[in-house]
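Good morning, everyone, and thank you for making time for this short presentation. Please keep the sequence and the structure in view while I speak, and follow along at your own pace.

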Amino acid sequence: MEFVSPEGLRLDGRRPTEMRQLRAAIGAVSKADGSAVFEMGNTKVIAAVYGPREVENKAELINDQALVRCEYTMANFSTGDRVRKPKGDRRSTEISLVIRQTMEACIMTHLMPRSQIDIFVQVLQADGGTRSACINAATLALADAGIPMRDLVTSCSAGYLNSTPLLDLNYVEDSAGGPDVTVGFLPKLDKVTLLQMDSKLSMDIFQSVMQLAIEGCKAIANYIREVLHENTKQLEYRRGV
Amino acid sequence: MSALCVPVVFGRTFDYVDGLHLFCARYKPETGDIIVGRVVEVAQKRWRLEINSNQDAVLMLSSVTLPDGIQAEVRNLQHDGTLQLHARSDKYGKLERGQLLSVPSYLVKRRKQHFHQLDQYGVLLILGCNGYVWVGELVEAKDRMEVDQVNLSEEAHMKSRSYMSLEETEPDYTPLETRRNICRIANAVRVLSILGFNITIEVILEIFELSISESVDVHDMLGAEFCVRVAEKEADRRSMATKRKG
């Protein structure tokens, strides 16, 4: 199948190094301490953060740092065909773990000893790149909750189809079976916190694909920063300082 | 703006700034704060209070009896973040006959006065530093002292029973007018929290009066129309304040 037309356009009309449209809103869940909705094109994810709060299960308490927990779910209506998946299937457990590890790496857990932070992410619409969208949504929600972080961790995916590196794969491109690299990135520290890849790639191509994904992460970080600035300005203005 | 929860880079090391907690959802305890909490666990010698912070606070048992909403002062902050409270003075204690509201803690400023006895409405209003706000019936201080004395004279295991008997002897209802006032003030606080304005006693009373003068019903106070009115009022106040400065 042809994923990049001779004119250099992809199936949804994007250029190979073009990202889908981003949209983010803070404060979607009123009862949560922090929440956000993050959209990448047709992929839509909602995240809610509770905490830092008292540890529910005393056996899990850590004396010198906070306990971070994460739960990833996919709404039944999120995919094209409505499927009822059992809770806690392999895929969602794996993604929960990935998100938890990524967020734990950037949260300054040592500042909140003997407490617990819960992150809940749910996919409302799935169109490829849910993993990245979840991480971005969780970052925004954590920032909204006022939880100290080393940096805004962002994530983006990139692939390699028709011998062209493609940024931010959608569902059709994702299910083509080509290589799919998901990167989690700390833009200020210039560090990679997450790297996952399906299938194989040669070393030099991998480097260019990963570089592309990192560029995507940086663009997302800029956007998220802008959204947070806007939100803080508004709060500040309302309070009348 | 440093209020974003993003650390600021100082040279090569990372540090975090005070502004970090400016819009933090959770309460950051400081010694001497007056807070309102909810009892979540009752042990032999101490109570555990949920206070909208990183951890639950510990209140060593004093002259209060039954678990409910409670008000106390932060006594000391232990190194591991455990919080100890005390409610020694008789102005602290159990709260009843009213409602507990929770607002973002950054909207409540630390002030000298956190208890407000609004005698004209028969309402007791407590703005806890942790973002919990209590609006309840104003019980005469004398009554409370009596309650305390009775409880102290009773044996520990008799406490609950003595409380029950007290409840029976006291008139256990709140007049309708007071209840209306409680709801009206509670809704004023809710409106402020929805709009994200600082919550102070002056503004609450202003909104209270505004709702009465415009004859807005209690249940209509949270509607968009009244919110707009409150926002307009606030805008007027601010423009006045800047004019005075200029």
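Let me begin with a definition, which is that a salt bridge here means a side-chain nitrogen of Lys or Arg within 4 Å of a carboxyl oxygen of Asp or Glu. With that in hand, I can tell you that the structure holds 25 salt bridges over all chains, and I should add straight away that what we are looking at is a predicted model.

Let me take a few of these salt bridges in turn. In chain A, the side chains of A:K44 and A:E39 form one of them, with 4.0 Å from N to O. Are these two residues buried or exposed, or something in between? A:K44 has a relative accessibility of 23%, and therefore counts as partly exposed, whereas A:E39, with a relative accessible area of 15%, is buried, because buried means under 20%.

A second salt bridge joins the side chains of A:R69 and A:E56, at 3.7 Å from N to O. What does this pair tie together? A:R69 lies in strand β4 of chain A, residues 67-74, while A:E56 sits in the loop between β3 (43-54) and β4 of chain A, so the salt bridge links parts that are 13 residues apart in sequence. A:R69 is partly exposed, with a relative accessible area of 29%, and A:E56, at 55% relative accessibility, counts as exposed, because the cut-off for that word is over 50%.

For a third example we move to chain B, where the side chains of B:E232 and B:R229 meet in a salt bridge of 3.0 Å, again from N to O. Both residues belong to helix α5 of chain B, residues 224-245, and they are 3 residues apart, which is about one turn of the helix. Each of them counts as partly exposed, B:E232 at 38% relative accessibility and B:R229 at 30%. Returning to chain A, salt bridges that share partners join A:R53, A:E56, A:E60, A:R69 and A:D118 into one network, and you will recognise A:R69 and A:E56 there as the pair from our second example.

Now let us turn to the strands, and to a general point first. Strands of a sheet pair through backbone hydrogen bonds, and they do so either parallel or antiparallel. In chain A there is an open sheet of 4 strands, in the order β7-β6-β8-β9, and its pairing is antiparallel. Why is one side of β7 and of β9 left without a neighbour in the sheet? The reason is that β7 (164-167) and β9 (191-198) of chain A stand at the edges, and each therefore has a single partner strand. On average, neighbouring strands of this sheet are turned by 20° against each other, if we ignore direction. Looking at one pair in detail, strand β8 of chain A, residues 180-186, is joined to β9(A) by 7 bridges in the antiparallel sense, and in this pair A:V181 stands opposite A:M197.

In chain B, I would like you to find strand β12, residues 132-137, where 6 of the 6 residues are buried, so that the strand is largely enclosed by the rest of the structure. Strand β9 of chain B, residues 98-102, runs antiparallel to β12(B), with 5 bridges between them, and B:Q99 stands opposite B:V135. Strand β11 of chain B, residues 123-127, also pairs with β12(B) in the antiparallel sense over 5 bridges, and here B:I126 faces B:W134. The hairpin of β11(B) and β12(B) has 4 residues between the strands, and in it B:G131 takes a positive phi near 90°.

What does the UniProt record say about this stretch of chain B? An unreviewed UniProt entry carries the annotation "domain: K Homology" for residues 98-136 of chain B. The end C-alpha atoms of that span lie 4 Å apart, and the span is 0% helix and 49% strand.

Finally, a word about the surface of chain A, where A:M1, A:L11, A:Y171 and A:V172 make a nonpolar patch of about 460 Å². Among them, A:Y171 is found in helix α3 of chain A, residues 171-174, and its relative accessibility of 53% means that A:Y171 counts as exposed.

Key:
Residues numbered from 1 in each chain as written. Chains lettered and ligands numbered in written order. Predicted model: local features only at pLDDT ≥ 70, side-chain atom pairs only at ≥ 80, totals over all residues. Heavy atoms only, no water. Patch = residues over 30% accessible without salt bridge, like charges linked within 9 Å, V, L, I, M, F, W, Y side chains within 5 Å. Areas by Shrake-Rupley, 256 points an atom, 1.4 Å probe, with all protein chains shown as cover. Helix = DSSP H or I, 4+ residues; strand = E, 2+ residues; numbered from the N terminus. Buried < 20%, exposed > 50% of the residue type's maximum accessible area, 1.4 Å probe, protein only. Pairing = 2+ DSSP bridges. Axes fitted to C-alpha atoms, helices over the stretch in contact; angles between N-to-C directions. UniProt positions renumbered as here; feature names shortened; annotations may be inferred.
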